[in-house]
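The following report describes a single protein chain, moving from strand pairing to helix packing and the interior. Please read it alongside the sequence and the coordinates.

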Amino acid sequence: MTPDAMTDLVRDWQTRLGLDTWAITIEYGTVEDGDGECEAEWEYNKATVRFDMDQIEDGDHLAFVVHELLHCVTRPLEACADGLAGKDPRLLEWTRQSTEKVVSDLERLLLRFTVRPVSPPSH
Ligand SMILES: [Zn+2]
């Protein structure tokens with residue numbers, strides 16, 4: 001996928017996720033800890049999402065876009081938990097892992113409704 005197509009995907013999902021009032025900057029390049037990241041200044045409805053297009057495999061681009069944008073949605077809760085954790089590395093890691101779990105679950109949930117038909121229960 002080209003960066004222009006990725007940008008179109010981000011803008012489309014920015015609206016779908018109710019982030020259309022946010023100022024979201026999109027950057028492409030190396031990402032320190034993975035293939036995508038989001039730095040959200042939630043109190044100002046402002047964020048930067050960054051993607052390493054060389055690392056994202058074909059067919060995974062939409063999941064990365066939805067995932068990184070969902071970090072904007074969950075950032076206020078994460079910031080609250082970070083504040084309660086203070087400088088305790090164990091609590092900060094717990095916050096990080098909990099945030100990734102929630103964001104990843106929401107990403108999969110949203111993709112179920114948008115990418116492929118959901119099979120009805122068999123019972
Ligand atoms: Zn994440």
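## Strand pairing and the sheet

Tyr28 has Phe51, in strand E3, as its bridge partner. This pair belongs to a predicted model, in which strand E1 (residues 23-28) and E3 run parallel to each other and are joined by six bridges. Another of the pairs involving E3 links Ile26 with Val49.

On the other hand, strand E2 (residues 36-41) is antiparallel to E3, and this pairing also comprises six bridges. Here Glu41 is the bridge partner of Lys46 in E3, and Ala40 stands opposite Ala47 in E3. The bridge partners named so far are collected below.

| Residue | Partner in E3 |
|---|---|
| Ile26 | Val49 |
| Tyr28 | Phe51 |
| Ala40 | Ala47 |
| Glu41 | Lys46 |

Taken together, the three strands make an open sheet of mixed pairing in the order E1-E3-E2. E1 and E2 are the edge strands, each of them pairing on one side only, and from one strand to the next the twist averages 15°. Helix H1 packs on this sheet, where it touches E1 and E3, and its direction makes about 155° with that of E1. Helix H2 likewise packs on the sheet, but touches E2 and E3, with its direction at about 25° to that of E2.

The side chains of E3 alternate along the strand: Ala47, Val49 and Phe51 point to one face and are buried, whereas Lys46, Thr48 and Arg50 point to the other face and are not buried.

## The hairpin turn

E2 and E3 form a hairpin, with four residues between the two strands. Asn45, which is found in the loop between E2 and E3, has a positive phi of about 50° although it is not a glycine. Is Asn45 buried or exposed, or something in between? Asn45 counts as partly exposed, because it has 14 C-beta neighbours inside 10 Å, and the class of partly exposed residues lies between the limits of 12 or fewer for exposed and 20 or more for buried.

## Overall layout

The chain contains three helices and three strands, which follow the pattern α-β-β-β-α-α when read along the sequence. Along its principal axes, the C-alpha trace spans about 45 × 45 × 30 Å. Of the 123 residues of the chain, 18% count as buried. Among the contacts with a sequence separation of 6 or more, 55% are accounted for by residues 24 or more positions apart.

## The nonpolar core

The largest nonpolar core has 15 residues, and those that touch the most other members are Val10, Ile24, Ala47, Val49, Val65, Leu69 and Cys72. Helix H1 (3-16), strand E3 (46-51) and helix H2 (61-85) are the elements that give two or more residues to this core, and the largest share, six residues, comes from H2.

Leu69 offers a more detailed view of the contacts. When residues up to four places away in sequence are not counted, Leu69 touches Trp13, Gln14, Leu17, Leu19 and Val49. Val49 has thus appeared as a bridge partner of Ile26, as one of the buried side chains of E3 and as a contact of Leu69.

## The packing of H2 and H3

H2 and helix H3 (residues 89-114) pack at an angle of about 145°, their axes being 8 Å apart, and their crossing is right-handed. On the H2 side the contact includes Leu62, Ala63, Val66, His67, Leu70 and His71, and on the H3 side the residues include Leu91, Leu92, Thr95, Thr99, Val102 and Val103. By residue class, the contact of H2 with H3 divides into 13 nonpolar, six polar and three charged residues.

Leu77 also lies in helix H2. Why does Leu77 count as partly exposed? The reason is that Leu77 has 14 C-beta neighbours inside 10 Å, a count that falls between the limit of 12 or fewer for exposed residues and that of 20 or more for buried ones. Leu77 and Asp35 are 42 residues apart in sequence, and from C-alpha to C-alpha they are 23 Å apart in space.

Key: Residues numbered from 1 in each chain as written. Predicted model: local features only at pLDDT ≥ 70, side-chain atom pairs only at ≥ 80, totals over all residues. Core = buried A, V, L, I, M, F, W, Y, C linked by C-beta atoms within 7 Å. Contact = placed C-beta atoms within 7 Å. Axes fitted to C-alpha atoms, helices over the stretch in contact; angles between N-to-C directions. Left-handed = near helix turned anticlockwise from the far one by under 90°. Nonpolar A, V, L, I, M, F, W, Y, C, P; charged D, E, K, R; others polar. Pairing = 2+ DSSP bridges.
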